[in-house]
Amino acid sequence: MAAVSESEQQPRSRRRRMTGKQRREQLLQIGRELFAERGFDATSVEEIAARAGVSKPVVYEHFGGKEGVYAVVVDREMQTLLGMIADSLTADTPRGQIENAALALLGYVEEYSQGFRILARDSHAASGTGSFASLISDIATQVEHILAEEFSSRGYDPKLAPMYAQSLVGMVAMTGQWWLEVRKPKREIVAAHLVNLAWNGLSNLETRPQLDHGGPRRGQGRP
């Protein structure tokens with residue numbers, strides 16, 4: 001009978017012990033899953049530790065608590081989404097850039113559903129990374145220069161571009177929350193309709209819009 005080597009006699013758990021970096025990534029992935037399923041408040045350190053097969057002190061050692069796990073998860077998701085938006089703005093025309101940005105945001109919803117669920121719940125104050133509204137603002141900042149250039153070329157006030165950018169990105173993001181649950185129609189069709197609404201609305205902007213309080217539209221005459 002062949003002799004058993006010393007390495008073969010070692011407990012399997014010892015041979016497979018994770019490095020600190022591996023453990024950290026494991027805890028982040030488990031935290032991400034739990035936050036997506038239950039939200040921040042309904043997730044506990046005990047659950048994160050139990051699913052990872054470690055004791056609670058291990059979670060505290062790496063992150064200081066669930067707040068630390070959540071902060072890193074949210075930050076990573078925000079950077080992923082912002083990166084996808086930035087990479088999409090490569091078209092030669094303003095409409096093409098808006099189309100690509102809409103596709104990128106919906107692509108994130110489709111490919112990173114757990115992350116979008118976490119962000120769309122409105123990032124918890126404990127994370128220290130802001131809210132979903134601040135994320136929308138960050139994305140809008142990346143596309144407002146597109147509108148500013150168009151506004152200038154068409155005689156509109158370019159100072160209003162940030163407000164319109166917020167409106168457009170917010171519309172896509174809110175539609176993304178709805179689409180996350182229904183997944184119909186396909187992403188490209190949803191993006192096409194969103195851009196149809198946005199671009200044709202932008203194409204017919206009034207230079208100085210005013211509320212008519214339900215009266216006849218401009219060109220129809222007023223009492």
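What volume does the second largest cavity have? In this predicted model, the volume of the second largest cavity comes to about 70 Å³. A search covering the whole structure identified three cavities of 30 Å³ or more, and the largest cavity encloses about 170 Å³ of space.

The lining of the largest cavity consists of 16 residues. Those nearest the centre of this cavity are Ile98, Ala101, Leu168, Val169 and Val172. Four helices each give two or more residues to the lining of the largest cavity, namely H7 (94–111), H9 (132–154), H10 (161–182) and H11 (187–203). By class, the lining of the largest cavity comprises 16 nonpolar residues, with no polar and no charged residues.

The second largest cavity is lined by Leu147, Glu150, Phe151, Arg154, Tyr156, Trp199, Leu202 and Ser203. Helices H9 and H11 are the elements that supply two or more residues to the lining of the second largest cavity. The most is given by H9, which contributes four residues to this lining. In contrast to the lining of the largest cavity, where no charged residue occurs, the lining of the second largest cavity includes two charged residues, together with five nonpolar residues and one polar residue.

Helices H9 and H11 thus appear in both descriptions: each gives two or more residues to the lining of the largest cavity, and each gives two or more to the lining of the second largest cavity.

Definitions and conventions: Residues numbered from 1 in each chain as written. Predicted model: local features only at pLDDT ≥ 70, side-chain atom pairs only at ≥ 80, totals over all residues. Heavy atoms only, no water. 1 Å grid on protein atoms, 1.4 Å probe; cavity = no way out; pocket = protein on both sides within 12 Å on 5 of 7 lines; lining within 4 Å. Points joined across faces, edges and corners; volume = space filled by probe spheres on them. Nonpolar A, V, L, I, M, F, W, Y, C, P; charged D, E, K, R; others polar.
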